[in-house]
Amino acid sequence: MQFTGNAQEIVEASSFWHDNGIILHHKGLSMDELYCIDPQWLCATMATVITIQEKNPFQKNGFMHMEDFVRLFNVDSTHSFITAIISIMQSFEIILLLDQQSILIPSLLSQQREEARVITQDSSNRFSVQDSVGHDVVPITDHPNVLLRHYILPFVPSGFFGRLISRICASRIVFKCKTIFEASKPLWSCWRDGICLICNGTELLRIVP
């Protein structure tokens, strides 16, 4: 495709084509130069990651290693395609790049809380993943002073909790509270429809439907 015109005309044309579903141009700090001229291909590509186990055998309970992500698409790890597809999927909060080695796929997490995966994060924003907390946890409901907040929503969009989990795990707000971090390394316990914050063997926060 060749387009002749000044920069403003290109912006206006791409915006028009994007609004009409002809192309996809997702504006972002690192994606202004990315234009997808076949949105259906992009949907199929993203579906390759979040599909059933038979199509993506590399994911395990909502997590993938970066080397397996690259292997899934059969390209070199330095290929610009890998950087682009990760940036796009992160912008839609479909996946979360925990570090250079691990990828979280919230929609593929276990539906059972007993099989929840645990994400640890240090003050330098380095992540690690483990299968379980490794010790007994005091439920938040056992605390003498518990603040409960119930939201009654007429409709919860599909994928809401997956995006919420991605947004919470990507946030550094927990580490702004030095008292929590200095007491014990915070743990995020994640399953398909819930997430809780565990610190020093005690639940401090739980979000469930």
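## A tour of the predicted model

Select Met64 and Ile103 first: in this predicted model, Met64 stands opposite Ile103 of strand E3. Extend the selection to E1 and to strand E3 (residues 102-104), which pair in the antiparallel sense over three bridges.

Next, add the remaining strand. The three strands form an open sheet with antiparallel pairing, in the order E1-E3-E2. Its edges are strand E1 (63-65) and strand E2 (96-97), each of which pairs on one side only.

Proceed to the largest nonpolar core, which has 22 residues; Val49, Phe69, Ile85 and Ile95 touch the most other members. Colour helix H2 (39-50), helix H3 (66-73) and helix H4 (80-91), each of which supplies at least two residues of this core. H4 gives the most, with six residues.

Now centre the view on Val49. Leaving aside residues up to four places away in sequence, Val49 touches Asn56, Met64, Phe69, Leu72, Phe73, Met89, Ile95, Ile105 and Leu108. Met64, the starting point of this tour, is thus among the contacts of Val49.

A second, separate core of 13 residues can be selected next; Phe63, Ile119, Ile168 and Trp188 are among its members.

From Trp188, move to strand E6 (residues 187-191), where five of the five residues are buried. Leu187, Ser189 and Trp191 point one way from E6, while Trp188 and Cys190 point the other way.

Finally, display strand E7 (residues 194-199), which pairs with E6 in the antiparallel sense over five bridges. The two strands form a hairpin with two residues between them, and Trp188 stands opposite Leu197 in E7.

Terms used:
Residues numbered from 1 in each chain as written. Predicted model: local features only at pLDDT ≥ 70, side-chain atom pairs only at ≥ 80, totals over all residues. Heavy atoms only, no water. Pairing = 2+ DSSP bridges. Helix = DSSP H or I, 4+ residues; strand = E, 2+ residues; numbered from the N terminus. Core = buried A, V, L, I, M, F, W, Y, C linked by side-chain atoms within 4.5 Å. Buried < 20%, exposed > 50% of the residue type's maximum accessible area, 1.4 Å probe, protein only. Contact = heavy atoms within 4.5 Å.
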